[in-house]
Every structure is written in C-alpha cells, then in structure tokens.
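Please look over the sequence and the model shown here. The paragraphs after it go from the whole chain to its strands, its disulfides and a few single residues.

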Amino acid sequence: MRWMRPLLWIVAVVTTATACGGPSHSAPRPDTTARDAAGDAAGARPAPQRSAVPSAGSPSVGVLLDGDGHWCTASVVDSPRGNVVATAAHCVFADGSASSGFSFAPGYRGGGANPAPYGTWKVRTVQVADAWKAAGDDADAHDYAFLTLDADARGRQVQQVVGAARPDWASAPERRVTVVGYPNKDRNPSDGPISCTTDTRADPDLAGSMLMECDGFFDGTSGSPWLAGGRLIGVLSGGETDAESTAVLFDARTRALYDRAVRASGA
C-alpha cells in the first residue's frame, strides 16, 4: 500500500546523488530557449495564466492509485521499453522504504463513468536518489522519482497506449511551461485534471531550480510534469504558498537516475 502520511506542501527540487548510468533513449534538446524568447518578442503567445483551470489533460499524465484512491500526479517519460513514469520522491518513498501495491492510471477522470479510460498499470519498481533514501524530506534537492511499470493484461506497455514526453536534461530556468496535475478531491470535486500555462523563473532560494506563480496546485499535484515545448524539464515538488510551485531543472544527475530506471525496466 502507499504511504498514508500527509503530502505536505514542501519546498523541494529535483536532482540525484548518482553520476553514472547507461545510455539514455533521449536525444539532445533543441535550442528552445532562443525560440521561446523569440516568441515572446513577437507577441506570438498569450499572457501567462495566473490560476490553473479545469482542462482536458493529457493521455500520458495521470494519477498514482490504490484501493484508497489517488494521491499524487505522474507522467509517462519516453524510454526504450516504454514503461517509465516520473513523479515526486515524497509521493512514493518515506521512512526508509518505497511504497508498494499501487498503480498508475493515465488520463484519469474520477468524475466520469470510466475514471481510467486507458486502463491501469501496476508499478514494478521505484527509483529515487540515494540522498533521498538517506535523508528523506531533509533532502529537498532530490525530491523526484522514476517508476517502472508492468505491461497491462494485453501485454502492452503504457507508452504504446498513451504516448510519452521526451525529457530535457539541460533546460534554462526561464521557460513557458504547461503543468498538468490532479488536486485531491476535497479541493477538486470534479476529480479531473487541471492545467496552467505560464512562465517560470529561477528560484532564488535554491540553485538549479525554478518556480512558477499559478494558483490551484493543491495537495495531490505533487509530481505534475512541467512541459516546455513538449519536453519534460521537471516535476512539481512543492511551493511556499498555494499560488507558488517549485521544481528542479532536470540535469545530468537526473538523467543518471532515469538511466537506472531504464535498466530496471527490462528486468
């Protein structure tokens, strides 16, 4: 079963303590920073949102789910085998142990007759940074995780069914992002996804991290993907207030943990 501890709104960022790993499936990122800046200068994009709104979500973004309901957001990451998912470490690892007996439901819509329209995939392994294992909530700079999933009853991997976002391991902190998440039902009676498209800036309190100001990312949205130009650049891990959220920029250390998950995915 998952950990039942409160998912506190902590200030956390994403990195990993390891620096070695196998080859990654993802190609080097394009120069999206220059493209984003050019779009701003040309006035090609709408103003950033200040509050999240109900949305259609994304087939590849969903919830972590067990018999007690859902509690965090996660998303499919492009990988060779097609069965890797990203979320926040505090969602899946606490008190020295990984959660177990839970699943990932992409495209979740709890308010409908078919809340898991794309099915559910059982979580096989949980990969978190060694620093998080050692220090937990005291290792805010390592609050992210990669999960591997079993195939479904028809033998399909999740990426075959819902697609995936390619990770970006070297993004700048100033980006236009779209963040999709699932607040807990007490703050989100429709039990569907919300989203916000807004601009990020460097977090002055922690090097290598970024923040956005967009209201509505309450408990349950931890692990939400931050997508810039369609690429995954981080996952939501906390915030000072309900209107401010933080994430670390994925980097070489993040990639090393991803590569660990890729190796585990073929076990």
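Accessible areas come from the Shrake-Rupley method with a 1.4 Å probe, and for residues only the protein chains shown count as cover. On that basis the chain exposes about 10600 Å², and carbon and sulfur atoms supply 54% of this area. The model is predicted: local features need pLDDT of at least 70, side-chain atom pairs count only at pLDDT 80 or more, and totals for chains, interfaces and linings use all residues. Residues are numbered from 1 along each chain as its sequence is written, and side-chain values use heavy atoms, with hydrogens and water left out.

A residue is called buried under 20% relative accessible area, exposed over 50%, and partly exposed in between (1.4 Å probe, protein chains only). Of the 267 residues of the chain, 55% count as buried. Helices (H or I, at least four residues) and strands (E, at least two) are DSSP runs numbered from the N terminus; the chain has four helices and 15 strands. A contact means heavy atoms within 4.5 Å. Among contacts in the chain with a separation of 6 or more, 74% are between residues 24 or more positions apart.

The next topic is the pairing of strands. Strands of a sheet pair through backbone hydrogen bonds, either parallel or antiparallel. Here two strands pair if DSSP finds at least two bridges between them. Six strands close into a barrel in the order E2-E3-E4-E9-E8-E7, with antiparallel pairing. From one strand to the next the twist averages 45 degrees, where axes are lines fitted to C-alpha atoms (for helices over the stretch in contact) and angles run from 0 to 180 degrees between N-to-C directions. Within this barrel, E4 and strand E9 (residues 145–149) run antiparallel and are joined by four bridges. In this pairing Ala86 stands opposite Phe146 in E9. Helix H4 (residues 252–265) packs on the sheet and touches E3, E4, strand E8 (121–128) and E9. The direction of H4 makes about 140 degrees with that of E8.

Another antiparallel pair is strand E12 (residues 209–213) with E15, over five bridges. Glu213 stands opposite Glu244 in E15. How many residues of strand E15 (residues 244–248) are buried? Five of its five residues are. Both faces of E15 are covered, with Glu244, Thr246 and Val248 on one side and Ser245 and Ala247 on the other.

Disulfides come next. A disulfide is taken as a pair of cysteine sulfur atoms within 2.5 Å, and this rule gives two disulfides. With the bonded cysteines of the chain numbered in sequence order, the pairing is 1-2, 3-4.

In one disulfide, the sulfur atoms of Cys72 and Cys91 are 2.1 Å apart. This pair links distant parts of the chain, 19 residues apart: Cys72 is in strand E3 (residues 69–77), and Cys91 is in the loop between strand E4 (84–87) and strand E5 (93–94). The link of Cys72 and Cys91 is left-handed, with -75 degrees about the S-S bond. Cys72 is buried at a relative accessible area of 0%, and Cys91 is buried at 2%.

In the other, Cys196 is joined to Cys214 with an S to S distance of 2.0 Å. Cys196 lies in strand E11 (residues 194–202) and Cys214 in the loop between E12 and strand E13 (225–228), so the disulfide ties together parts that are 18 residues apart in sequence. The torsion about the S-S bond of Cys196 and Cys214 is about 110 degrees, so this link is right-handed. Cys196 has a relative accessible area of 0% and is buried; Cys214 is also buried, at 0%.

Strand E11 also holds Thr198, which is buried with a relative accessible area of 1%. Leaving out residues up to four places away in sequence, Thr198 touches Pro48, Gln49, Arg175, Arg176, Val177, Met212, Glu213 and Cys214. A polar atom of the Thr198 side chain lies 3.1 Å from the backbone oxygen of Gln49.

Two residues are listed for their backbone angles. Most residues other than glycine have a negative phi. Asp95 is not a glycine, yet has a positive phi of about 55 degrees. Asp95 sits in the loop between E5 and strand E6 (97–98) and is exposed at 68% relative accessibility. Asp191 likewise has a positive phi, about 60 degrees, without being a glycine. Is Asp191, in the loop between strand E10 (176–181) and E11, buried or exposed? Asp191 is buried, at 5% relative accessibility.

Terms used:
A polar contact is a pair of N or O atoms within 3.5 Å; within protein, one must be able to donate a hydrogen and the other to accept it, and residues adjacent in sequence count only if both atoms are side-chain atoms.
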